[in-house]
Amino acid sequence: MTVAWVVGAGGLLGRAVTRQLRETGTALFSPSPRFAWQDERLLPDQIAHAVADFAHQARQAGAWELYWSAGISGMGSPEPVMAAESRALQWLVDRLVNEPTLGDIPGRFLLTSSAGGIYAGSTETLVDESTPVAPTTPYARGKLDQEQRVSQSQIERAHV
């Protein structure tokens, strides 16, 4: 069995992911209390406790999936908002990597975002994964930063 955690389950994409997981019979984890996204004094500890609780449920299930579809940002968000969102993602990734229980069982991590903006400054007629990124807004630069944080983390080697 697998337990899944959709971080950002209340948002547009997160609700869709959650609905699909429910339809496939996947057990869902939901941390309590809800994260205080706007309070960086509380958020790191909330994330730490949630990861520990998630790891406990994952150990019982035998496998885990985590979908990051969260954020406090929108397309027009300024740089400080994007930086705060990226810090929250980093805290979560760091906790996942350092949670020994999760390393002992099969797991997956998926970073989702509306990151099409990272190609907004491209001069290419057709854009695909091989197109050089050309972000033009704080939102696009923030989403690119998040992709880089995850790809540079040890999460792939540690768990997935």
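**Entry 1: Thr112**

I began with a cut-off: a residue is buried when its relative accessible area is under 20%. I also noted for myself that this is a predicted model. With that in hand I looked up Thr112, which comes out at 14% relative accessibility and therefore counts as buried. I found Thr112 in the loop between strand E4 (107-111) and H5. Next I asked myself which residues Thr112 is in contact with, leaving aside its neighbours within four places in sequence. They are Leu13, Trp68 and Ser69. For Trp68 I can add a polar detail: the side chain of Thr112 reaches the backbone oxygen of Trp68 at 2.6 Å.

**Entry 2: Helix H1**

I checked the length of H1 (residues 12-23) first. Its twelve residues, at 1.5 Å a residue, should span 16 Å, and I got 17 Å between the end C-alpha atoms, which agrees.

Then I listed the buried residues of H1: Gly14, Val17, Thr18 and Leu21. Do they line one face of the helix or lie all around it? Looking down the axis of H1, I see its buried residues within an arc of 100 degrees, so they line one face. On the face turned away from that buried side I noted the exposed residues Leu12 and Glu23. The cover over the buried residues of H1 includes strand E1 (3-7), E2 and strand E3 (64-68).

Just after H1 I stopped at Gly25, where phi is positive, about 80 degrees.

**Entry 3: The aromatic rings**

I counted seven aromatic pairs. I looked at Phe29 and Phe54 to begin with: their ring centres are 5.3 Å apart and their planes stand at 55 degrees, so I logged the pair as tilted. Phe29 lies in strand E2 and Phe54 in helix H2, so this pair ties together parts that are 25 residues apart in sequence. Both partners are out of the way of solvent by my cut-off: Phe29 is buried with a relative accessible area of 7%, and Phe54 is buried at 0%.

My second pair was Phe35 with Trp37, which is edge-to-face, at 5.5 Å centre to centre and with 80 degrees between the planes. Here the burial is mixed. Phe35 is buried, with a relative accessible area of 14%, whereas Trp37 counts as partly exposed at 23%.

Which residues form the aromatic cluster? I wrote down Trp5, Phe29, Phe35, Trp37, Phe54, Trp64 and Trp68, which form one cluster. I had already met Trp68 as a contact of Thr112.

**Entry 4: Salt bridges**

The count came to six salt bridges, and I followed up three pairs.

Glu40 forms a salt bridge with Arg87, with the closest N and O atoms 2.7 Å apart. Where do the two partners lie? Glu40 is in the loop between strand E2 (27-29) and helix H2 (43-61), and Arg87 is in helix H3 (residues 79-97), so the pair ties together parts 47 residues apart in sequence. I have Glu40 as partly exposed, at a relative accessible area of 31%. Arg87 is partly exposed too, at 33%.

Glu79 forms a salt bridge with Arg141, and there the closest N and O atoms are 3.6 Å apart. Glu79 lies in helix H3 and Arg141 in helix H5 (residues 138-152), so this pair ties together parts that are 62 residues apart in sequence. I noted Glu79 as partly exposed, with a relative accessible area of 41%, and Arg141 as partly exposed, with 35%.

Asp145 and Arg149 meet in a salt bridge at 2.7 Å, N to O. Both lie in helix H5, four residues apart, which is about one turn of the helix. Asp145 is partly exposed at 26%, and Arg149 is partly exposed at 24%.

**Entry 5: Two prolines**

I looked for the peptide bond before Pro33 and found that a cis bond joins Ser32 and Pro33, with omega about 0 degrees. Pro33 sits in the loop between E2 and H2.

Pro44, on the other hand, is found in helix H2 and is partly exposed, with a relative accessible area of 24%. How far is Pro44 from Ser69, C-alpha to C-alpha? I got 18 Å in space, for two residues 25 apart in sequence. Ser69, I recalled, is one of the contacts of Thr112.

Key:
Residues numbered from 1 in each chain as written. Predicted model: local features only at pLDDT ≥ 70, side-chain atom pairs only at ≥ 80, totals over all residues. Heavy atoms only, no water. Salt bridge = Lys/Arg side-chain N within 4 Å of Asp/Glu carboxyl O. Helix = DSSP H or I, 4+ residues; strand = E, 2+ residues; numbered from the N terminus. Buried < 20%, exposed > 50% of the residue type's maximum accessible area, 1.4 Å probe, protein only. Polar contact = N/O pair within 3.5 Å; in protein donor to acceptor, adjacent residues only side chain to side chain. Contact = heavy atoms within 4.5 Å. Expected span 1.5 Å × (residues − 1). Arc of directions from axis to C-beta. Phe/Tyr/Trp six-rings, centres within 6.5 Å; stacked < 30°, edge-to-face > 60°.
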